[in-house]
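User: I am new to this structure. Could you walk me through it, step by step?

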Amino acid sequence: MKFAIALFSAAHAPSSRRALLFAQAALAGGHEIVRLFFYQDGVFNASDAVVTPQDEQDLPKQWRAFINEKQLDGVVCIAAALRRGVLNEEEAKRYQREAISLSAPWELSGLGQLHDAVQDADRLICFGGA
Amino acid sequence: MSTLHVLSHSPYGDDRLSSCLRLLGSADAVLLSGDAVYALQPDTVPFSTLQERAIRLFVLIEDAQARAIEIPDWAKAIDYPAFVELSIHHAKVNSWL
């Protein structure tokens, strides 16, 4: 079974952790994740600038490790990321910003990538809100 | 074609649960996660509403345990692997974001 997973909430929201646990369980169950798409505040999960308090789950770190280990496609909505100051090297240069807060394995791309993933997947699962 | 409805907000903060129940199809199921598990707090309106509707109700067990919510025998506690299987069992998954 092929899953597309979309995440709409920031790294400190409980729903971000649920998305990660679901994704891990999907792969452990022998299923495939065609794409992880990070939209709206979900882009903060991909930010290198997030510093998580020591006694809390470090979701940006856990997502990065998971995506690297499983060689997944982690796509961050470019419009949502730019407006929240989450920029990769290319965008920082384009908009003359000092801070670069997004790097591989994350990829900035458009909403079309979510649409494309949904076409390819058997199920779209969205996480967000509380 | 059935839908799994995933709720994560407290039933005391908004109308998601009642809106969801209003449009729930006969083959649909509801999964309570996060603060939505507070709907299973005994002696409350959400609790009796769910009990009376006799819907197919699932609860993410770690979210219930984290909030000391006991799961009644008319609901089923599930873990993440079961959540994945539940999402496959239904044609669509609708998250009430």
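User: How much space lies in the largest pocket?

Analyst: This is a predicted model. In it, the space in the largest pocket comes to about 370 Å³.

User: Which residues lie nearest the centre of the largest pocket?

Analyst: The lining of the largest pocket has 22 residues. Chain A gives two or more residues from α1 and from α2 (59-70), and chain B does so from α3 (61-66). By class, the lining has twelve nonpolar, six charged and four polar residues. Nearest the centre are A11(A), H12(A), A13(A), P14(A) and L59(A).

User: Which three residues supply 36% of the area that chain A buries against chain B?

Analyst: Start with the contact: 18 residues of chain A touch 19 residues of chain B. The two chains bury about 1,500 Å² between them, 65% of it on carbon and sulfur atoms. No other three residues of chain A supply more of its share than R18(A), F22(A) and R123(A).

User: Which residue of chain B meets R18(A) in a salt bridge?

Analyst: The interface of chain A and chain B holds two salt bridges. In one of them the side chain of R18(A) takes part, at 3.7 Å from N to O. Its partner is D63(B).

User: Which element gives the most to the side of chain A that touches chain B?

Analyst: Eight residue pairs are in polar contact between the chains. On chain A, α1 (14-28) and β5 (123-127) each supply at least two residues to the side that touches chain B. That side has twelve nonpolar, three polar and three charged residues. With six residues, the element that gives the most is α1(A).

Note on methods
Residues numbered from 1 in each chain as written. Chains lettered and ligands numbered in written order. Predicted model: local features only at pLDDT ≥ 70, side-chain atom pairs only at ≥ 80, totals over all residues. Heavy atoms only, no water. Contact = heavy atoms within 4.5 Å. Buried area = accessible area lost by both parts, 1.4 Å probe. Salt bridge = Lys/Arg side-chain N within 4 Å of Asp/Glu carboxyl O. Polar contact = N/O pair within 3.5 Å; in protein donor to acceptor, adjacent residues only side chain to side chain. Helix = DSSP H or I, 4+ residues; strand = E, 2+ residues; numbered from the N terminus. Nonpolar A, V, L, I, M, F, W, Y, C, P; charged D, E, K, R; others polar. 1 Å grid on protein atoms, 1.4 Å probe; cavity = no way out; pocket = protein on both sides within 12 Å on 5 of 7 lines; lining within 4 Å. Points joined across faces, edges and corners; volume = space filled by probe spheres on them.
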